[in-house]
Structure formats: structure tokens, C-alpha cells
Amino acid sequence: MSEPRWQQSPCDADELRSLFLFEKLTPEQLDWLCREGQVESVDAGPLYAEGDPATCFYVLLEGTVVLSRRVGADDVEISRTSQPGVYAGAFQSYLGDRVPQVYNSSLRTTVPSRFYVLSADLFAQMMRDWFPMAVHMLEGLFFGNRTTRQAVDRRERLLALGSLSAGLTHELNNPAAAALRATATLRERVAGMRHKLGLIAADPHRGATLAPLVALQEQAVEQAAKSVHAPALSPVEVSDREDAVTDWLDDHGVDGGWDLAPTLVQAGLDTGWLDRVVEVTDPATLDGALRWLNYAVETELLMNEIQDSTTRISTLVGAARQYSQLDRAPYQVVDVHVLLDSTLQMLVGKIGPGVKIVKDFDRSLPRIPAFPGELNQVWTNLIDNAVAAMDKAGTLTVRTGMDRDMLLVEFHDTGAGVPAEIRDRIFEPFFTTKAVGEGTGLGLDISWRIVVTKHHGDIQVESVPGDTRFRVRLPLTAREEQVQEPAPQEPRES
């Protein structure tokens with residue numbers, strides 16, 4: 001970031017008095033401000049960056065400022081104003097060591113501008129001594145934080161949607177690619193099967209074996225269909241069976257038996273079945289008959305693969321529809337397990353293979369009135385936090401049950417835990433332990449507002465290293481009135 005060019009000018013107490021921020025100060029207090037602070041002019045450009053040590057408090061006298069926050073790799077504009085009196089910078093310095101004394105946003109000017117500038121130490125002294133000023137600050141901080149929260153909240157939703165879309169695309173691509181590969185191979189096998197069948201039917205000596213071979217084909221295809229649901233064999237068992245089938249084929253003069261063996265074993269066919277083929281054929285017919293039967297078996301296995309892939313795609317699309325709630329009313333009576341299942345399905349790519357998911361669901365729980373799309377956002381935030389806390393390796397248990405007269409959803413992870421010194425602050429807006437740009441500090445704040453404000457429930461956390469539990473409790477019945485969030489108001493400061 002390039003350094004702005006500053007130029008100092010005299011401080012005018014009357015100009016300060018014209019600003020809403022200082023309008024109730026006494027002449028002595030205004031004189032103190034002019035004596036201890038200074039008026040600075042600066043060219044268009046950045047003033048400070050989010051995360052830098054907060055050293056100064058800025059009040060706009062003239063010009064235009066833009067306040068922004070980092071969300072991922074982007075700077076998201078929170079507000080842009082030319083109103084004299086808006087302030088920014090080290091306005092939390094009066095809290096001392098109770099909060100990190102860093103700029104929680106980035107500030108830049110778009111045109112040459114003038115500021116009243118006061119050092120953070122002097123601002124903290126002023127706040128402790130002048131109560132009227134503190135009233136202004138607390139009021140402004142409330143509106144500013146809410147505006148910032150709304151802007152970053154929208155951006156965070158978009159980032160979450162992008163992340164989920166990327167994960168869903170990856171999850172859809174795997175079964176789609178498998179179906180395409182299976183379809184291409186199936187076309188080749190069907191062509192081969194037609195060719196072999198034509199050879200058998202055209203030879204009058206082989207034609208007599210066609211009927212029993214067709215009967216064996218039907219049995220083989222039926223066995224291949226059943227093999228999908230059979231217990232999986234261990235790698236050693238598979239290898240032993242393939243060796244046995246390969247040896248049988250070699251003993252009976254079938255060339256390339258090693259190429260046929262894997263398909264036959266996968267379909268659950270063994271040397272006993274091969275002996276039945278010998279019974280209805282002769283040595284001259286055996287090779288062609290076995291290859292024709294192998295084509296039929298492989299065709300069935302490929303169709304099973306295509307069915308599995310398309311079923312997987314349909315399941316993912318259904319989960320995405322359920323998660324997004326795009327085709328449903330915003331407020332409805334829902335089964336929380338359907339919401340949890342769809343969220344876990346959507347996040348499976350993001351969770352990764354290192355995290356074991358355990359579902360401890362009480363499926364007998366009643367349906368509840370809720371905003372399902374927003375509850376899915378709560379589940380997403382809590383799962384994301386749990387996976388991050390475990391560094392993508394551990395166990396995440398999602399449990400449902402009753403807690404007195406409320407429905408309970410608990411997320412239990414085996415991560416490092418939430419330190420006791422920050423446990424009371426994790427639901428504060430913008431509070432985050434992540435590096436600048438990696439987290440907005442709004443995930444748990446948003447979750448709290450959805451659960452408490454919109455659903456009249458509560459959300460709590462208990463944590464020790466290796467055992468962290470976020471508990472969401474939701475009422476079983478709806479209130480007559482639905483509490484809505486107040487409409488956003490224009491900020492009085494940046």
C-alpha cells in the first residue's frame with residue numbers, strides 16, 4: 001500500500017463544533033481537541049489497512065471516504081460517504097487491552113480529503129473523561145457494525161454458495177464421468193456380443209448349442225445383478241478367485257483367460273459355473289461361447305454402474321434442491337433430519353475423507369415450524385467451524401434429541417476446542433481468530449441471530465480440547481408473531 005501524502009493545516013474549533021460528533025462539547029473541550037489533535041489534508045488513496053495497528057482516530061471534514069473489509073481474497077465495500085463528521089479508525093482504543101487494537105476495516109479516500117486526526121492514546125483518554133462523547137460513539141458503533149455485518153453477511157453467503165457449488169460440481173462430475181465411461185464401454189461390448197452371437201448362429205454345428213447357452217446367459221446375468229448386493233470380497237479373496245478362474249481357462253485352452261477372469265469373478269461366477277458351460281459346448285465352441293457369455297455379463301455389470309452413477313447424480317440434485325429450499329415456502333413445518341442430511345450431503349466434498357461423520361439421529365422427533373433455508377445455513381456454519389477446528393481430521397457427531405420441551409441438534413467435534421478466554425465472545429459480530437481475509441467473524445453471529453431471533457431458540461457451546469459441543473435448541477411450536485429483523489438504516493458514520 002502506497003503512503004498517502006499528508007499536509008497539516010490549522011484546526012478551527014468552530015468547524016469542529018459544526019459536526020454532529022462534537023456539537024455538544026464545551027468551548028474548553030473543543031480547544032483541547034484543537035490543541036491535542038490536528039487537521040490533515042490527504043490525496044486520494046488508502047489511509048490504513050485492515051489488521052494494521054490502530055494508531056489514529058479520523059473524523060472526515062471534507063472529501064469522500066470508502067470503508068471496506070476483507071472477505072476471502074476480496075475487499076468488500078461497506079460504505080461510501082462524503083458526509084462531514086463520519087469517523088473511523090481507532091474508535092475502540094478506549095477499551096484498552098480488552099479488544100485487539102487493530103483496524104477492523106480498510107479506509108481510503110476517492111478524492112483529496114481533509115480529516116481531524118487524534119492519536120489513539122489521546123482518544124482513549126478523551127473517551128474516559130467525556131461521557132457525552134462516549135454516548136455518540138456507542139450509538140454510531142451500533143449502526144456502523146450493523147451496516148458492516150449486513151454487507152459482509154451478503155458477501156459471505158455468496159462465498160459459501162460458490163464453495164458449495166464447486167463441491168457439488170466435483171461430486172456430480174465423478175458419477176457423470178463414470179456413466180460416460182461405462183456407456184462407451186457398453187457400446188463396444190454390445191457390438192462384440194452381437195458379433196459372437198452371429199458367428200454361433202451362422203454355424204449349423206454351433207447352432208445346436210445356442211439354446212442352452214442362452215439359458216446359461218440368463219443365469220449369468222441374473223447372478224451378475226445379484227452380485228451388486230453381495231458382501232464385498234477382500235482383495236486376497238478376489239485375487240484367489242481370479243487365479244482359480246484363470247487356471248481353469250488356461251487348462252481348457254482359452255487364450256487370454258487372465259482378461260476374462262476379473263469380469264467373471266466380479267459377477268460372482270466360479271469354476272463350477274464354467275464346468276456347466278463345458279457341458280453344453282464342445283472344445284471348438286468353448287472359446288467363442290465363453291467370450292459371448294463374458295460380453296453378456298460385462299454388459300450387465302456396466303448397466304449396474306450406469307444405474308449407480310445416475311442414481312448418485314439424482315441424489316445429489318435432490319440434496320441441492322432440499323438444501324437451497326428454492327422450490328419451498330420460506331416458513332414451513334419441517335423434519336430437521338431432512339435438513340441435516342441434505343446439508344451433510346452438500347458439504348461432503350468440503351468436509352473431506354479425513355473426517356468421520358457419525359449420525360446419532362432420533363428419527364421419532366416431531367416436525368417443527370422453521371425457516372428451513374436459514375437453518376441449513378446454521379448447520380453449514382457449525383459444520384464448517386468443526387471441520388476447521390479438527391484440521392480436517394477427526395470425528396464429527398451430529399446428534400438429535402429432546403432437551404426438556406425443545407428439540408436439540410448437537411454438533412460434537414474432536415478438535416482443539418475453544419479457549420476459555422474467548423468462549424464468551426465467539427458469538428460477537430466480527431470476532432474471529434482467523435487471519436485477515438480468512439474469516440469474517442460473522443458465521444456464529446449469523447447462526448445466533450437465526451436461532452435466537454428468528455426461531456426463538458438458543459445456541460450454546462461447551463468445549464475442552466478434544467470435545468467441543470455446539471447445541472442448538474429449537475421450539476416445537478410456532479409463536480403467534482414471527483420476530484423479523486429490523487430494516488437496515490443508513491449509518492451516521494463509516
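Which residues do ring pairs link into a cluster? They are Tyr 48, Tyr 58, Tyr 103 and Phe 115. Hold on to Tyr 58 from that list, since I'll come back to it.

Okay, a word of caution before I go on: what we have here is a predicted model, not an experimental one.

Quick overview, then. The protein chain holds 14 helices and 16 strands. It runs to 494 residues, and 46% of them are buried. If you take the contacts in the chain with a separation of 6 or more, 76% are between residues 24 or more positions apart.

Let's start with the sheet at the N-terminal end of the numbering. It's an open sheet of five strands, and going across you read S1-S2-S9-S4-S7, with antiparallel pairing. At the edges sit S1, residues 6-9, and S7, and each of those pairs on one side only. From one strand to the next, the twist averages 35°.

Now zoom in on S4. Six of its seven residues are buried, so call it mostly covered. On one pairing, S4 is joined to S9, residues 113-119, by six bridges, and the two run antiparallel. That's where Tyr 58 comes back: it stands opposite Val 117 in S9. S4 also pairs with S7, through three bridges, again antiparallel. There, Val 59 has Tyr 87 in S7 as its bridge partner.

What about helices on this sheet? H3 lies across S4 and S9, and its direction is about 70° to S9. H2, residues 27-36, lies across S2, residues 38-42, and S9, running at about 95° to S9.

So, back to rings. There are eight aromatic pairs in the structure. One of them is Phe 57 with Tyr 87, a tilted pair with 5.7 Å from centre to centre and 40° between the planes. Why does that pair tie together parts that are 30 residues apart in sequence? Because Phe 57 is in strand S4, residues 56-62, while Tyr 87 is in strand S7, residues 87-89. Both residues are tucked away: Phe 57 counts as buried at 1% relative accessibility, and Tyr 87 counts as buried at 2%.

Phe 57 has another ring to deal with, and that's Phe 123. Here the centres are 4.2 Å apart and the planes are at 25°, so this pair is stacked. If you're wondering about the call, planes under 30 degrees apart count as stacked. Phe 57 is in strand S4 and Phe 123 is in helix H3, residues 120-129, so the pair ties together parts that are 66 residues apart in sequence. Phe 123 is buried too, at 0% relative accessibility. And remember H3 from a minute ago, the helix lying across S4 and S9.

One general reminder while we're on strands: in a regular strand, side chains alternate between the two faces of the sheet.

Right, let's jump to the other end of the numbering. There's an open sheet here as well, with five strands in the order S11-S13-S14-S16-S15, and this one has mixed pairing. Strand S11, 355-360, and strand S15, 458-464, stand at the edges with a single partner strand each, so one side of each has no neighbour in the sheet. On average, neighbouring strands of this sheet are turned by 15° against each other, ignoring direction.

The partner of S15 is S16, residues 467-475: seven bridges join them, and they run antiparallel. As an example of a pairing, Ser 463 stands opposite Thr 468 in S16.

Two more local spots, then I'm done. Ser 447 is in helix H14, residues 443-454. Is Ser 447 buried or exposed? Buried, with a relative accessible area of 0%. Its side chain makes a polar contact with the side chain of Asn 381, at 3.1 Å. If you leave aside neighbours within four places in sequence, Ser 447 is in contact with Val 378, Asn 381 and Ile 459.

Last one: Lys 454. This lysine lies over the face of Phe 371, at 4.3 Å from the ring centre.

If you take one residue away from today, make it Phe 57: it pairs with Tyr 87 and stacks with Phe 123. Okay, that's me. Happy to pull any of these up on the screen.

Notes: Residues are numbered from 1 along each chain as its sequence is written. This is a predicted model: local features need pLDDT of at least 70, side-chain atom pairs count only at pLDDT 80 or more; totals for chains, interfaces and linings use all residues. Side-chain values use heavy atoms; hydrogens and water are left out. Rings of Phe, Tyr and Trp (its six-membered ring) pair if their centres lie within 6.5 Å; planes under 30 degrees apart count as stacked, over 60 as edge-to-face and the rest as tilted. Helices (H or I, at least four residues) and strands (E, at least two) are DSSP runs, numbered from the N terminus. Buried means under 20% relative accessible area, exposed over 50%, partly exposed in between (1.4 Å probe, protein chains only). A charge sits over a ring if NZ of Lys or CZ of Arg is within 6 Å of the ring centre and within 35 degrees of the ring normal. A polar contact is a pair of N or O atoms within 3.5 Å; within protein, one must be able to donate a hydrogen and the other to accept it, and residues adjacent in sequence count only if both atoms are side-chain atoms. Contact means heavy atoms within 4.5 Å. Two strands pair if DSSP finds at least two bridges between them. Axes are lines fitted to C-alpha atoms, for helices over the stretch in contact, and angles run from 0 to 180 degrees between N-to-C directions.
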